[in-house]
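Please look through the sequence and the structure shown here before reading on. The paragraphs that follow are meant to be read beside them.

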Amino acid sequence: SREIEADLTEVLVTEQQIRDKLAELARQIEADYEGRDILLVGVLKGAVMVMADLARELRPHVTMDWMAVSSYGMGTQSSGVVRILKDLDTDLTGRHVLIVEDIIDSGLTLSWLRGNLESRGAASVEICALLRKPDAAKVEVDVRYLGFDIPNQFVVGYGLDYAERYRNLQDVAILAPHVYS
Ligand code: PRP
Ligand code: MN
Ligand code: MG
């Protein structure tokens, strides 16, 4: 249908809750990284909204770069196979890298990505993720800055997609089962 709302069962995290949480996380990041330059690494495509809003919440200079990795493809299940679709343009040697992600589901994407970026000689690699599904974890990910733990349901919006749709929804919402079953 053309109306996004018809495909949703419930709003899980509102736009306002997201904004407040990112402001809170930004204050922690500013304090933790005082005197150090941060390279924000956004994971395309899901992290674009978090990156855009978090970066603008941060008062010090930051630089941004992007990677595209894919583990989900068009389905709803993580395959566990992580592929680099677009690599960074930045040399990570000596850099303080903060990975920015929309969601930790199985944890496979981020555990792989952290190891990959650490192996490039970064001074530090930390993770900021807006959402995490604790009940879906296949591997534990040490996330330094976390927005919200959410139930193990298929969520969309604020960057999160199902088959590339719903990313432009302002809230994070549960996708109605009729859409994907
Ligand atoms: C989604 C999401 C995370 C990842 C989390 O990305 O944006 O990057 O899956 O899943 P995991 O913890 O089970 O690895 P996806 O692969 O769907 O690509 P997209 O960001 O382009 O939607
Ligand atoms: Mn993603
Ligand atoms: Mg996706």
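Are H1 and H2 oblique or parallel to each other? This is a predicted model, and the question can be taken up from its helix axes. In general, two packed helices are described by the angle between their axes and the distance between the axes. Helix H1 covers residues 15–32 and helix H2 covers residues 48–57, and their axes come within 9 Å and cross at roughly 50 degrees. Angles under 35 degrees count as roughly parallel and those of 65 to 115 as roughly perpendicular, and H1 and H2 are therefore oblique to each other. The crossing in which H1 passes H2 is right-handed.

The residues that make this meeting can be named from both sides. From H1 come Arg 19, Leu 22, Ala 23, Leu 25 and Ala 26, and they meet Asp 53, Leu 54 and Glu 57 in H2. Sorted by character, the residues of this contact comprise five nonpolar and three charged ones, with no polar residue among them.

Leu 54 leads from this contact to the interior. The largest nonpolar core has 42 residues, and those that touch the most other members are Leu 54, Val 97, Leu 98, Ile 99, Val 100 and Cys 128. Two or more residues of this core are given by each of H1, strand S2 (38–44), H2, strand S5 (96–104), helix H3 (108–118), strand S6 (124–132), strand S8 (155–156) and strand S9 (172–175). Leu 98 may serve as an example, for, once residues up to four places away in sequence are set aside, Leu 98 touches Ile 29, Ile 38, Leu 40, Glu 126 and Cys 128.

Within H2 itself, Met 49, Val 50, Met 51 and Leu 54 are buried, and the elements that cover the buried residues of H2 include H1, S2, strand S3 (62–70), S5 and S6. Ala 52, which also lies in helix H2, is partly exposed, because 13 other C-beta atoms lie within 10 Å. Ala 52 and Lys 138 are 86 residues apart in sequence, and in space they are 28 Å apart, C-alpha to C-alpha.

Val 11 takes the reader to strand S1, residues 8–13. Val 11 has 17 other C-beta atoms within 10 Å and is therefore partly exposed. Although 146 residues separate Val 11 and Gly 157 in sequence, the two are 9.6 Å apart in space, C-alpha to C-alpha. Leaving aside neighbours within four places in sequence, Val 11 is in contact with Asp 171 and Ala 173.

The backbone deserves a careful look as well. Most residues other than glycine have a negative phi, and most peptide bonds are trans. Against this background, a cis peptide bond joins Leu 44 and Lys 45, with omega at about -5 degrees, and Lys 45 lies in the loop between S2 and H2.

Another loop, the one between S8 and S9, holds Ala 163 and Glu 164. Ala 163 is not a glycine, yet its phi is positive, at about 50 degrees, while Glu 164, likewise a residue other than glycine, has a positive phi near 75 degrees. As for their surroundings, Ala 163 counts as partly exposed because it has 13 C-beta neighbours inside 10 Å, whereas Glu 164, with 8 C-beta neighbours inside 10 Å, counts as exposed.

Methods
Residues are numbered from 1 along each chain as its sequence is written. Chains are lettered from A and ligands numbered from 1 in the order in which they are written. This is a predicted model: local features need pLDDT of at least 70, side-chain atom pairs count only at pLDDT 80 or more; totals for chains, interfaces and linings use all residues. Axes are lines fitted to C-alpha atoms, for helices over the stretch in contact, and angles run from 0 to 180 degrees between N-to-C directions. Helices (H or I, at least four residues) and strands (E, at least two) are DSSP runs, numbered from the N terminus. Angles under 35 degrees count as roughly parallel, over 145 as roughly antiparallel, 65 to 115 as roughly perpendicular and the rest as oblique. A crossing is left-handed if the near helix is turned anticlockwise from the far one by less than a right angle, and right-handed if clockwise. Two residues are in contact if their C-beta atoms, placed from the backbone, lie within 7 Å. Ala, Val, Leu, Ile, Met, Phe, Trp, Tyr, Cys and Pro count as nonpolar, Asp, Glu, Lys and Arg as charged, and the others, Gly among them, as polar. A nonpolar core is a set of buried Ala, Val, Leu, Ile, Met, Phe, Trp, Tyr and Cys residues joined through C-beta atoms within 7 Å. A residue is buried if 20 or more other C-beta atoms lie within 10 Å of its own, exposed if 12 or fewer, and partly exposed in between; C-beta atoms are placed from the backbone.
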